[in-house]
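Thanks for making time this morning. I would like to walk through the nonpolar cores, the aromatic pairs and one surface patch, in that order or nearly so.

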Amino acid sequence: MKTFDCKCLWAIVVRDIVSERRRQLSYFLGVVLAFFFTEFVGLYYTLKPAHIPPFYGGQAATLLIVATGLFFFATSLTFGGLHSKQSRIALLMLPATNGEKFTARILATLLRFVVTVTAGLVVADLLRMLLFAIFGGDTTSLLPYVASQTWDVLTFTGTITRHRLALAVTGSAVSNLWLFSIFILGSAVFRKFAFFKTIATLLVLSMLLGMIALPMMPYGSWRLVVWANDLLWKDIMTQFITLALTVFNFWLSYRCFTHMQVITRHRPWCFWRRCTANA
């Protein structure tokens, strides 16, 4: 099979979701607990409904921060189901191209995240309202405020001037896509505990980059003067470099995915080897 088939792609997405339903159930329970704990801590001392929109808006913003963390955690699980020999053999036997399999894993992750987080937020909010209704507390639903905060974030409401809106939208999209590609790459390389290993790797690389870059750009140098006098050029160049790194991360993730071995290799650089048993 040499052409990219959308029907085959969707079939693999459904297959991945169904085959990992047990792990998905565990993730769903974790999402519910995370949202419930966040709401419980934020509203525990509110014995009666305060009906103060800014207060509820702040709680909704906290829930969005939690959802962001859950998104990257879910992304780090993209290839987590392939840690066993049996799962890799099953993937190898699928009548589909590597591109279809790779894309299907990512689409399945995104679909699972949207459904799980949406359902988890509703369930957590209802549980908190029910518990507070029985034992006393604020029974105001945070769902409308979460929807409002989400809209404000997506439209950059009140955070930036109109003439820089386009650059802000592209910058946010590129930055989030870059982070997404990093956790995709981390999932393909580590597979086990990929979320924590990816964060640790980012911290180490950030410190090394800072140690290398700072001595090369002392304060007051011509580099900083040129960049500071043209913030628009700086933003454009930063987005271009970030986009290039994003493409590189996806390429490296795909290469790692296509060179996964049926027999587990314990070396993170094994995807550079030319292998005959592609997954």
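Let me begin with a question: is Phe-73 buried, partly exposed or exposed? At 28% relative accessibility, Phe-73 counts as partly exposed, where buried means under 20% relative accessible area, exposed over 50%, and partly exposed in between, with a 1.4 Å probe and protein chains only. Before going further, please keep in mind that this is a predicted model, in which local features need pLDDT of at least 70 and side-chain atom pairs count only at pLDDT 80 or more, while totals for chains, interfaces and linings use all residues. Residues are numbered from 1 along each chain as its sequence is written, and side-chain values use heavy atoms, with hydrogens and water left out.

Now to the aromatic pairs, of which a search of the whole structure finds 18; rings of Phe, Tyr and Trp (its six-membered ring) pair if their centres lie within 6.5 Å, and planes under 30 degrees apart count as stacked, over 60 as edge-to-face and the rest as tilted. Phe-73 has such a partner in Tyr-27, and this pair is stacked, at 6.3 Å centre to centre with 15° between the planes. Tyr-27 belongs to helix α2 (residues 21-43) and Phe-73 to helix α3 (residues 53-75), so the pair ties together parts that are 46 residues apart in sequence; helices here are DSSP runs of H or I, at least four residues, numbered from the N terminus. Tyr-27, at 11% relative accessibility, counts as buried.

A second pair, Phe-40 with Phe-132, is tilted, at 5.7 Å centre to centre and 55° between the planes. Because Phe-40 lies in helix α2 and Phe-132 in helix α5, this pair ties together parts that are 92 residues apart in sequence. Phe-132 is buried, with a relative accessible area of 4%, whereas Phe-40, at 26% relative accessibility, counts as partly exposed.

Turning to the interior, the largest nonpolar core (buried Ala, Val, Leu, Ile, Met, Phe, Trp, Tyr and Cys residues joined through side-chain atoms within 4.5 Å) has 20 residues, and those with the most contacts inside it include Ile-12, Phe-79 and Phe-102. Helices α1 (6-19), α5 (98-135), α7 (165-189) and α10 (231-258) each supply at least two residues of this core. Apart from it lies another core, of 18 residues, among them Val-31, Tyr-56, Leu-142 and Val-146.

Finally, on the surface, a nonpolar patch includes Ile-199, Leu-205 and Met-211, and Leu-205 lies in helix α8 (residues 194-216). Patch residues have over 30% relative accessible area and no salt bridge (a side-chain nitrogen of Lys or Arg within 4 Å of a carboxyl oxygen of Asp or Glu), with nonpolar side chains, namely Val, Leu, Ile, Met, Phe, Trp and Tyr, joined within 5 Å.

Notes. Patch = residues over 30% accessible without salt bridge, like charges linked within 9 Å, V, L, I, M, F, W, Y side chains within 5 Å. Areas by Shrake-Rupley, 256 points an atom, 1.4 Å probe, with all protein chains shown as cover.
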